[in-house]
Amino acid sequence: MNPDEILKKLGDAGFEAYYVGGCVRDRLMNKPAHDVDIATNALPEEIMRVFCRYTVIPTGVKHGTVTVAVHGDSYEITTFRVDGNYSDSRRPDSVTFTNHIETDLARRDFTMNAIAMDVNGKIIDSFGGADDIKNKIICCVGEPTKRFGEDALRIMRAVRFAAQLGFGIEKNTADAVHEMCGTLNRISHERIRNELDRLICGEGCVDVMLNFSDVIAAVIPEFSQCIGFEQHSDYHCYDVWEHTVRAMASAPTDNLRLRRSLLFHDVAKPLCAKFDSMGKGHFKGHAEKSAEMALEIMKRLRYDSVSAGETALLIRHHSDKIRTKAHVKRLLNELGEALFLELIEMKKCDNLAKRDFVLKENEEFDEFAEMAREICRSGECYSYGQLAVNGNDLLELGLCGNEIGKMLEELLNAVIDDELNNDRKTLINYVKRRLNL
């Protein structure tokens, strides 16, 4: 059963039914719709009766929503409603069902999401949403402060939509975003995190994150010190925040890990800043400190430990000076091939937000990336697992406990530095000499 059949089935039962929200917006923008939401004047129990032969889940009956599952696809169907007060800044404390689609549309966040469409393609657009889509404008339905007061996450959604769609934000709506962004502290960390991830991967994130930096600082206060912090460096032409945003935006929009790592890569710079007698800025230790702060922030925002760990690892090494093949191998040992290549891309993105003369270094980074690929292709040793000896071999030679780990580290370093060949006989003889055997 496709979505049209859902609407037709409700219509055949004597009810009105419409597509609403993002799927209508996406259709008007000639984009594929990811979520299909349906609104109807049928009450929840009437919806369940119409679809009694299918799997019906009462996902939010209190608020008028049931989910119909058909052949692996799920469709949320919600009764037309008027929302009561939002004491938790998320869901209305109560709802009143209504028989009018126009009344239902009036409770929605933005005009572009307050459009309904019937199964024949007829549009109901009481708030000028189609024109706002055409003019690329995000505008609240009704009074912006009221909309944001109902659910503060709509503030994040406004800037996220602006970044994703490349839209501007209407003045009254923008004023309310700035005025009320402090209320985002009422919103769960998980909901903030999800909006943030989508925001930073938006094509229009640069203008949004520069013009609405107060929103970002409201959800991640650590960034407040970065905004407007001049670096006074020969390498930099932007303050810390603008450099961060422009570096992040130079990464592919579909690489969330890289964009997220660039978002946090310089968060500790203001804390680490030292200025010499000439007024030049120096930021020794900022990579390590930024990695620590990124872990704390991501833990607070309820990111999973793997994502947080990988992000921190990339940040920790983002300002490393790579000069030799041995250094490439050591980074491969610590990061693995995929993360090493991502680190190279991160360093290139970082440079793209600096002065033009720094870009020459990106050619060297490409050479190191190719070097790493060749090391991995050829099977050259850069990790403990590739050594021609293992812990059991060292145990047989009389080593035990921590001695084994220390000797394996010594052997790996010697192989990486081309001081020893990675063959069993050479490594065993080396260990014997070290042990005077």
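Hi everyone. Let me start with a definition: a residue counts as buried when its relative accessible area is under 20%. Keep that in mind as we walk through this structure, which is a predicted model.

Our opening example is A312, in helix α16, residues 305-317. A312 has a relative accessible area of 1%, so it is buried. And what is A312 in contact with, once we leave aside its neighbours within four places in sequence? The answer is A291 and L295. A291 is 21 residues from A312 in sequence, yet the two are 4.5 Å apart in space, C-alpha to C-alpha.

Now for some rings. The structure holds seven aromatic pairs. Let's look at F223 and F264, whose ring centres are 5.9 Å apart. Their planes are at 5 degrees, and planes under 30 degrees apart count as stacked, so this pair is stacked. Where in the chain do these two sit? F223 is in the loop between α11 (213-219) and α12 (240-249), while F264 is in helix α13, residues 256-264. That is 41 residues apart, so the pair links distant parts of the chain. Are they buried or exposed? F223 has 1% relative accessibility, so it counts as buried, and F264, at 0%, counts as buried too. W241 joins in here as well: F223, W241 and F264 form one aromatic cluster.

Rings can also have charges over them in this model. The charged end of R160 sits over the ring of F161, 4.2 Å from the ring's centre. Elsewhere, K269 lies over the face of F283, at 4.7 Å from the ring centre.

F161 turns up again when we look at R25, a residue of helix α2, residues 22-28. R25 has 9% relative accessibility, and because that is under 20%, R25 counts as buried. Leaving aside neighbours within four places in sequence, R25 is in contact with M112, N113, I133, F161 and L165.

Let me finish with two helices. Two packed helices are described by the angle between their axes and the distance between the axes. Here, α7 (residues 153-165) and α9 (residues 189-200) pack at an angle of about 15 degrees, with axes 8 Å apart. Angles under 35 degrees count as roughly parallel, so α7 is roughly parallel to α9. The crossing of α7 past α9 is left-handed. Among the residues making the contact are L153, M156 and R160 of α7, and I192, E195 and L199 of α9. Thanks for listening!

Key. Residues numbered from 1 in each chain as written. Predicted model: local features only at pLDDT ≥ 70, side-chain atom pairs only at ≥ 80, totals over all residues. Heavy atoms only, no water. Phe/Tyr/Trp six-rings, centres within 6.5 Å; stacked < 30°, edge-to-face > 60°. Helix = DSSP H or I, 4+ residues; strand = E, 2+ residues; numbered from the N terminus. Buried < 20%, exposed > 50% of the residue type's maximum accessible area, 1.4 Å probe, protein only. Lys NZ or Arg CZ within 6 Å of the ring centre and 35° of its normal. Contact = heavy atoms within 4.5 Å. Axes fitted to C-alpha atoms, helices over the stretch in contact; angles between N-to-C directions. Parallel < 35°, antiparallel > 145°, perpendicular 65-115°, else oblique. Left-handed = near helix turned anticlockwise from the far one by under 90°.
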